[in-house]
Amino acid sequence: MNPAFWFVAPALAAIGLFFFVPVAASLGLSLTDFDIYSVADLANLRFVGLANYGRLLEDAAFWTALRNTAYFVVVGAPLSVATSLAAALLLGSRLVRWKALLRTIYFLPVVTTLVAVAVVWRFLYHPRVGPLARLFEALGLPAVDWLGDPAFAMPAIILLAVWKGFGFNMVIFVAGLQAIPERLYEAARLDGASAAQQFRHVTLPMLAPTTSFVLLMTLIGHFQLFAEPYVMTQGGPGDATRSIVLLMYEQGFRWWSLGQAAAIAFVLFGIILAVSLAARAAGLLGGGDGAEARP
Amino acid sequence: MGRGSPLSWLALSGALLLGACRGEAEGPAPIEFWAMGREGEVVRALVPAFEARNPGLRVRVQQVPWSAAHEKLLTAYVGEAMPDALQLGNTWIPEFVALGALEPLGARIDAEKIPREDFFEGVLDAAEIGGETFALPWYADTRLLFYRADLLAEAGFAEAPRSWPAWRAALAAVKARSAGGGHALLLPLTEWEPPVILALQQGADLLRDGDRYGNFASPGFRAAWDDYLSFFREGLAPAEGASQLANLHQDFAAGWFAAFVSGPWQLGELRRRLPAEFEARWATAPMPGGSEAEPGLSLAGGASLALVARSPRKEAAWRWLAFLAEPEQQVAFHRLSGDLPARRSAWRDPALREDPKAAAFFVQLQHLRSAPKIPEWERIASRIARHAEAAVRGEESSEEALAALDREADRMLEKRRWLLARSEGRR
């Protein structure tokens, strides 16, 4: 046998034992009606085939959660990536001083605990005494009950998520920006390119592989929205911020409907896989052959 | 490693053995007791008295936060990591009985000569399932009205009304006087209890056919549902979410609303958070009923003490639970936590008897009804809160909400129907 096999065997065994076995088990679980009664006595377990999946399709709560998650992904992910890029450009600019300090400050939200941050943000969003409400009042805008109004709760969550997460992607963008050779900008300037033209024709194309990576990771991360609504709104008001993962958590650990929860997990897995493959097929992500990166 | 002589191994194992023996000499393992939230914090103060009275027994209290308690208990059951005894929210008892996690206590209660009639009926009823008692009531909990006596008096109601029609008139008068867009009544939209209490007052059965199907489109529940929604439609109650509840006490003090429905923990909270001079301006009243003659029903809540069926120390753990249920300990626990004793005899304590705000609870505790005692209830109840909120916000009509509730409840009860049919088939 190829000796290389023995080198990868420990890692393969670990992955097999701690990843593939549980995944196979939960796939099996998703075909049963495992619930609180089955915990008491396995004789109460029924094999239900694809009924859990069928039930999801006709469950309004699932579609609401899917819609909420899509909202968060479609609005939140590009906003997060754009903010990261803007912050990275700011840190790369010659006009800005105290870069190390700014970089640290921008990165701070990433390393703080969300639960602690949520307390502060709940205060920020308070409809009567919160600073945001005061600001709106001073500007003569109508009062907004950020976390209590179904129309504003998701934007409030997105704002928090962008603030909390943009620092991480920013660091990756900063590295990507530093990898762009200075001579390309020199050449562009000699050709009389304006700052905007340099950004459009040098920075963006050279940054394409980085952007692809960041966008894909952000999309995947955003599909798994959980902690923000869990600590800020518990999925409310109404169902306005109930994400797929939050729904899965409630089904699984609050109501102990593990069969149903496992089915949700596999549907989410399928969605993320499909979106990633579609993005790749569309040439948006990951597949950069460098053709467009050539200035 | 691996070089040690056999002799040194012998010495090491000898030392370990000695250590183990010494551990043995310190007495048996302590009774593991889990309690939630503030109760878990303050109950430690009762441990020394118990240990002094029962030499050789020790209690270790583990505090579990309420927000994670249900998940943690279920996980502990599955992982066979349950304590010996625990505090259980009364609505969780059916679930853990269905799991077979709890030891029946009927025989032990009789052997101990604990007088059952001393407990409030509604509270003890919550712990009785299928004719067997599975827990000892620890503290009683129910919901009633907290109101601003001064605001009601200004609006011309010196005495608190006792029926719903009179309360509505009073609330409307308060609302009319508050110019700044204030409201009269706070009914938190995340709570399922207010609409359910109104339904129980209508005499509505929440489920039908032996708790096999939802019964929410029935005339009784429908009437209660419309009553509940009318508080919001008439502008008496604000459609605010849970995030604003954090400021309940400040808002109550500011007169943003004149009354709210809540439980006994607010007695302590209001006194702790608001200045002392505010004490004279608020009061409590039993749930209004259909007439002035008698207070309305409310929900039996609270927590009980349960013994874990798989515990190896049941006898010792039972001594601890019986100790906590003694009237003197109920009084001591009330002083520590503010929780209301589940035994009538504990209410002879002057601190409770002379507190006019606790008196309303004493009245209410005689007028209780339990929610359906099935494991699925919590889940169904969460949908009641959800659909009530949707109906209040106008996302669905009253009719749609009730139809959806019945549909969802029927689906959640499908497994129960199957289990019941199977056990009847076997018989």
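These are my notes on one sheet of chain B and one pocket lined by chain A.

The model is predicted, so I kept local features only at pLDDT of at least 70 and side-chain atom pairs only at pLDDT 80 or more, while totals for chains, interfaces and linings use all residues. Residues count from 1 along each chain as written, chains are lettered from A, and side-chain values use heavy atoms without hydrogens or water.

**Sheet, chain B.** I looked up the strand order and found an open, mixed sheet of six, E2-E1-E3-E14-E6-E15. Strands are DSSP E runs of at least two residues, helices H or I runs of at least four; two strands pair at two or more bridges, that is, at least two found by DSSP. The edge strands are E2 (59–64) and E15, each paired on one side only. E1 (31–36) runs parallel to E2 through six bridges, with B:Phe33 partnered by B:Val61. Helix H4 (66–78) packs on the sheet, touching E1, E2, E3 (85–89) and E6, at about 140° to E1. Contact means heavy atoms within 4.5 Å; angles, from 0 to 180 degrees, are between N-to-C directions of axes fitted to C-alpha atoms, for helices over the stretch in contact.

**Strand E6, chain B.** I checked burial next. Six of the six residues of E6 (136–141) are buried, so the strand is largely enclosed by the rest of the structure; buried means under 20% relative accessible area with a 1.4 Å probe, protein chains only. E6 has five antiparallel bridges to E14 (301–307) and two to E15 (340–341), also antiparallel. B:Tyr139 stands opposite B:Ala303 in E14 and has B:Pro341 as its partner in E15.

Terms used
Buried < 20%, exposed > 50% of the residue type's maximum accessible area, 1.4 Å probe, protein only.
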